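Here are my notes on this one, as numbered points. Keep the structure open while you read.

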Amino acid sequence: MKSSFRIILIAFTFVLYSCGVTKNVSTKTVETVKFEVNLLDRSNDTYKVTVTPPTLTDANSIYQFASTAPGTYQVMDIGRYVKHFKATDAEGHELATNQVTTNQFQLTSPEKIAKIEYEISETWDTPVSENKIYLMCGTSIENDHALINGQAVFGYFKDKQNSPITIKLDFPETWSVGTALTKNADSLYYAEDYDKVVDSPILLGNLTKANMNIEGTNVDIYTYSKTGMVTSNQVLESMKNMLLSASGFLNGLPVKNYTFLFHFEDTTNGAWEHSYSSEYIYKEDKWENLEKQVVEVAAHEFFHVVTPLNIHSEIVEQFNFITPVASRHLWLYEGTTEWAAHMMLFRSGLKSTEDYFNTLSRKIMVETKYFNPDLSLEQLSLTSYTKAGQKQYGNIYMKGAIVAGLLDIKILELSNGKRGYVDVINDLAKKYGPDIPFDDATFYSTFVKETYPEIEAFIDDYIVNTKSLPIKTYYNKIGVDYNENTNTFSLNATPTAEQLQLRTKWMAPISI
Ligand SMILES: [Zn+2]
């Protein structure tokens, strides 16, 4: 995720599968949880949801709404938005239900349930006293469009988080739909499980669409723009260059399909990453005014395909929607991603050297001025779900990225310029991939084994603890001068042969 940081306010507004004709079809159909969302009726700013469950038993006697969602590191408590929750049997008789916790509805006779209906309020326009959900992670329902983030509309039956899901959307015929979800043979959106629904936001309404193929990857772009100021075709060229940068950085694009969902209306809040898509919430403006910041954030979100999506711990793999569980590795998921986003644009020339240095200086300024220097990156991760932790969360995009940049230089030095941090990341992505998690508790030592023994002290000093960052010393190793008084960087005009060797690898140009 990347939320926008507004210094002026000193506040965070943080920002087909076709079942096919196989013998398994009937089994899958029986197990499938079917949802229908009526977007023809948009009254009261609520989604009208109907759930047709498979046969339920006592083991499925809870209908669960999400307490949080992957990649957001915030408490969401979606149960707060639910209204008129009602279960009925095949004859239409109401069966008793009871909201036993914020996010759980107890079902008294699950085996008799034929249908569940509820309304769920959009998160954008529903006032809450705490834990306001980031716009890019929430829901909005308006006259000319709607945004669905799965965890904010759908729930799951206990023990059925892994059941396949179909979604039928009823919406005005002039609307179009943007999502990474594909349709099954019955023209219903299909997901292999609840996690996939949460991982696949849906933007509907008066959208423009553009499509391109980049090095074999099919890329769809859908844009909602309040007054039509921005179109998908305008965004296409910028995304193309960003993706070519990413491909050069990562030795090829890591997915075969990718969908961008852009929402340009009244507010800027940031973006949220998914395995095959990302969603952006920005205040509508001319594309030329938005392009720079949106491309940088898109580079960040796209890099998330690598981490956490291809390099993650069991906490991400076995996601717990019932109780938020913090990981200690936001330095990797968010810090490294933020570093990589700017580095890939820099290496491909989409970001000038001066601009790269300015970004680095700004991160140092913001980190120093607005965040607690005594909170380590590990502590920041482990406290991300607490109120105090949320106040410091934005520092993962500042100090997290600065530390990743230092780690890059350290790895370059230790390998005599043969390897940089991205080479380590690419190796780790191969080693793990989307289906094999690392052990959250022992990953530091795994990382050291994948790199150099000296990295253990680096992690201990700058990730686990809060030792003062050796910015000047490290950048000097690659022939970059850092003036601590003015907080400015510049290339050393007369680097030594050793400095030049490391700097050449550090800048390693990507041709796009
Ligand atoms: Zn992120």
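1. Let's start with the small sheet. Bear in mind that this is a predicted model. Four strands make an open sheet in the order S12-S13-S19-S16, and their pairing is antiparallel. The edges are strand S12 (140-141) and strand S16 (176-179), each of which pairs on one side only.

2. Zoom in on one end of that sheet. S12 and strand S13 (residues 145-148) run antiparallel and are joined by two bridges. If you want a residue to click on, Ser140 has Leu147 in S13 as its bridge partner.

3. Next, the bigger picture. The domain assignment splits the protein chain into domain 1 (1-192), domain 2 (207-305) and domain 3 (314-507). Taken over C-alpha atoms, the centres of domain 1 and domain 2 are 25 Å apart.

4. What holds the contact between domain 1 and domain 2, in terms of residues and area? On the domain 1 side 27 residues are in contact, and they meet 23 residues of domain 2. About 1,900 Å² is buried between domain 1 and domain 2, with carbon and sulfur atoms giving 58% of that area. Salt bridges between domain 1 and domain 2 come to zero, while 11 residue pairs are in polar contact there, both residues being at pLDDT 80 or more. On the side of domain 1 that touches domain 2, the elements giving two or more residues are strand S1 (2-3), S13 and S16. S16 gives the most to that side, with four residues. You'll recognise S16 as an edge strand of the four-stranded sheet, and S13 as the partner of S12.

5. Now the other sheet. Eight strands form an open sheet in the order S8-S7-S11-S5-S4-S15-S18-S17, and here the pairing is mixed. Strand S8 (94-95) and strand S17 (182-183) are the edge strands, each pairing on one side only.

6. Follow S7 through that sheet, since it has a partner on each side in the strand order. Strand S7 (residues 82-88) runs antiparallel to strand S11 (residues 115-121), and five bridges join them. Lys83 stands opposite Glu119 in S11. S7 also pairs with S8 in the antiparallel sense, over two bridges, and Ala87 stands opposite Leu95 in S8. S7 and S8 form a hairpin with five residues between them, and Gly92 in the turn has a positive phi of about 85°.

7. How do the UniProt annotations look on the model? An unreviewed entry lists "domain: Peptidase M61 N-terminal" for residues 35-206. Over residues 35-206 the chain is 3% helix and 38% strand, with the end C-alpha atoms 23 Å apart. The unreviewed UniProt entry also has "domain: Peptidase M61 catalytic" covering residues 295-403. Over residues 295-403 the chain is 61% helix and 0% strand, and the end C-alpha atoms are 22 Å apart.

8. Last, the charged pairs. How many salt bridges does the structure hold? The count is 21 salt bridges. One to look at is Asp355 with Lys292, where the closest N and O atoms are 3.3 Å apart. Asp355 sits in helix H7 (residues 353-370) and Lys292 in helix H4 (residues 287-303), so this pair ties together parts that are 63 residues apart in sequence.

Note on methods. Residues numbered from 1 in each chain as written. Predicted model: local features only at pLDDT ≥ 70, side-chain atom pairs only at ≥ 80, totals over all residues. Heavy atoms only, no water. UniProt positions renumbered as here; feature names shortened; annotations may be inferred. Pairing = 2+ DSSP bridges. Domains from an automatic or database assignment. Contact = heavy atoms within 4.5 Å. Buried area = accessible area lost by both parts, 1.4 Å probe. Salt bridge = Lys/Arg side-chain N within 4 Å of Asp/Glu carboxyl O. Polar contact = N/O pair within 3.5 Å; in protein donor to acceptor, adjacent residues only side chain to side chain.
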